[in-house]
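Student: Could you pick one part of this model and look at it closely with me? After that, please carry on through the rest of the chain in one connected account.

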Amino acid sequence: MVKIHLQHKSFLLTSFLIFFLSLTTTADKTEAEALVKWKSTLHNTVSLSSWSLTNFTSPCKWFGVRCNPAGNITSLNLTESSINNINGTLFGLDFSVFHNLESLVLYGNDFHGPIPSAIQSLSNLKYLDLTWNSFNGPLPTEIGKLSKLRYLSLGLNQLNGTIPVQIGNLRNLNMLDLSSNQLEGTIPVQIGNLHNLNTLYLYGIQLEGTIPAQIGNLRNLNTLDLGNNQLEGTIPVQIGNLRNLNTLDLGNNQLEGNIAATISNLSNLTYIDLSYNNLIGTIDPHLGQNGQLNTVILSANSLSGELPRDICHGFALEYLSVNDNHFTGFLPKCLRNCTMLETISLANNHFIGGIYKSLQAHPNLRYVDLTALNLNGTLEYWTRFPKIYELNLANNNIVGKIPKEFANLSFQVLNLSANYLTGELPSGLGLLKQLDLSHNFLSGPIPPFRSNDSNVYPDKSYASISYDSLVWQVLYLNDNELSGSIPTSFCKQTNIEILELSNNQLSQNIPSCLLDIQILNLENNKLVGRIPTIRPNIQSLHLANNRLTGEFPLLQQFIEVQTFYFC
């Protein structure tokens, strides 16, 4: 009797296993067929060669596919799948068969078209990354039904329309990135429902309206980036509730009013960017008291008063940019001890005294902009900073000669214009990405310029927005008292695009190679001889008020020149 019972039990177990395996195989086959069908609608699928039903066993070993122990697909990752990247849409993919899919990553391909509303079928999805493709159309409201989502990244696409209010239903989200799209409208107040969110990227998507006060409900937020939009109104005081926040970027908007004093309550804040807004008033004196501020960017507002004395408390500051405001008074004393400082931009303010003293112990300085601060003294001070890539001291009261040591420093951009510099140019001075010595009292001949072998900029963060505009090498020596001939060494610098030598006392002939330069200004000198043959790529040519002779060699292609003066 017992033996018969055991045999019966064994039979049932075997039958169940056979039934279960048949179900698993069927599930595998259904998911595999859906992937192969989708593949047939795509282009550039070299990386998907393993996706085939020939000699089919299981899709779990296919490229980009991961399964659970039961053989169900749980992850599909096609990140940067091939040299040319996969091209196609999501409409050929039957989402409804992937009941166990938890992660879908298509980052860095060439997928396009709308995100189908059928994506709501992925009821177990926790991780969705469609970043850096060409998806367009509106963000489907059905995405709000993916209630298990923890990570949603749709940045660097061409999505348009508004942010659907249903986004507020994704209560388990930890990360939301909709940046660098063509979205518009306002930030939905429902975003305040995402209490588990720790990262929010909404920069560069043409948002308008005000920052909702409900943003203060996101108590777990570490990063808030709403920069490069068209947001207006004031900074909500509720931002001070985000006690875990370490990165706050509201730059390049149309925000106005005072900076909310509650920002000083953010004890974990390391990065703050409020630049290029319409902010006014003074900064709360306690900003920086947490001793952790690493980056402070407040440029291009109408802020006034003194900088907070604690702004560099803790000496962690590496990047300070407050140019183009109305700040007054002395710099904070703590700045002297911020030895990690790499970038400082104080230009176009009204600081008084102590600037040189504040920058004595900073061996890592790479970017310095002290334009229009009524600085006195000489340039010898700056020879102690060998790592500086960009130095802007224009529109000050600096006197004396350009130190010969400058020829051995690492400058890529050097702007000393509109000062009271005298003497001759030092020999061996490198031809940089931009060299501006205009509007001084420099005299003597132009020495041969050596080529600067370094064509690689440092990290763009050191140079604010300047580097993005420096496509060519440019040289401004205009409005000085330079004499002698134009050196033929310019002929060896094939990448010079702008050469400004006007309003000097240069003489002799124009080297023929100069007419290869796109923008050339030699007017108001003492140049003689005939004008060399004009090249077709020239855009702007100024030769007025010299002693040139002969006929002007007008070429047919010269009719496209944008600017020309030869009087």
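**A close look, starting from one loop residue**

Tutor: Tryptophan 132 counts as partly exposed, since its relative accessibility is 45%, between the 20% and 50% cut-offs. Please keep in mind that this is a predicted model. The residue sits in the loop between β6 and β7 (134-138). What makes its backbone worth a look is the sign of phi: tryptophan 132 is not a glycine, yet its phi is positive, at about 60°. For background, most residues other than glycine have a negative phi.

Let's step back along the chain to the strand before that loop. Strand β6 covers residues 127-129, and tyrosine 127 belongs to it. With a relative accessible area of 31%, tyrosine 127 is partly exposed. This tyrosine also has a partner from another stretch of the sequence: leucine 173 is 46 residues away along the chain, while the two C-alpha atoms are 9.4 Å apart in space.

A second backbone of this kind turns up at asparagine 395. Here phi is near 55°, again a positive value in a residue other than glycine. Asparagine 395 lies in the loop between β27 (390-392) and β28, and its relative accessible area of 44% makes it partly exposed. Where that loop ends, strand β28 takes over with residues 399-400, and valine 399 is found in it. Valine 399 has 38% relative accessibility and so counts as partly exposed. Together with Tyr420 and Phe441, Val399 forms a nonpolar patch on the surface, and the accessible area of the three adds up to about 280 Å².

The surface also carries a patch of charge. Glu184, Glu208, Glu232 and Glu256 form a negative patch there. Take glutamate 232 as one of its members: this residue is in strand β15 (residues 230-233), and at 39% relative accessible area it is partly exposed.

Now to the cysteines, where a bench biochemist will probably want the details. The structure holds two disulfides. One of them links cysteine 60 and cysteine 67, with 2.2 Å from S to S. The torsion about that S-S bond is about -100°, so this disulfide is left-handed. Both ends are partly exposed: cysteine 60 has a relative accessible area of 24%, and cysteine 67 has 24% as well.

The other disulfide joins cysteine 312 to cysteine 334, with an S to S distance of 2.1 Å. Its torsion about the S-S bond is 90°, and the link is right-handed. Cysteine 312 lies in the loop between β21 (302-305) and β22 (319-321), whereas cysteine 334 lies in the loop between β23 (326-329) and β24 (343-345), so the pair ties together parts that are 22 residues apart in sequence. Both of these cysteines are buried, cysteine 312 with a relative accessible area of 1% and cysteine 334 with 13%. Cysteine 338, by contrast, is in no disulfide; its nearest cysteine sulfur belongs to cysteine 312, 3.9 Å away. Why does that not make a bond here? A disulfide needs two cysteine sulfur atoms within 2.5 Å, so a separation of 3.9 Å does not qualify. Cysteine 338 is itself buried, with a relative accessible area of 0%.

The loop between β23 and β24 also holds leucine 341. Leucine 341 has 0% relative accessibility, so it counts as buried. In sequence it is 23 residues from asparagine 364, but their C-alpha atoms are 6.4 Å apart in space.

Leucine 365 leads us on to one more contact of this sort. It is placed in the loop between α2 (355-358) and β26 (367-369). At 1% relative accessibility, leucine 365 counts as buried. The C-alpha atom of leucine 365 is 6.7 Å from that of phenylalanine 385, which is 20 residues apart from it along the chain.

If you go back to the viewer now, try turning from tryptophan 132, partly exposed in its loop, to cysteine 338, buried at 0% relative accessible area.

Methods: Residues numbered from 1 in each chain as written. Predicted model: local features only at pLDDT ≥ 70, side-chain atom pairs only at ≥ 80, totals over all residues. Heavy atoms only, no water. Patch = residues over 30% accessible without salt bridge, like charges linked within 9 Å, V, L, I, M, F, W, Y side chains within 5 Å. Areas by Shrake-Rupley, 256 points an atom, 1.4 Å probe, with all protein chains shown as cover. Salt bridge = Lys/Arg side-chain N within 4 Å of Asp/Glu carboxyl O. Lys, Arg positive; Asp, Glu negative; His and termini not counted. Charge placed at Lys NZ, Arg CZ, Asp CG, Glu CD. Helix = DSSP H or I, 4+ residues; strand = E, 2+ residues; numbered from the N terminus. Buried < 20%, exposed > 50% of the residue type's maximum accessible area, 1.4 Å probe, protein only.
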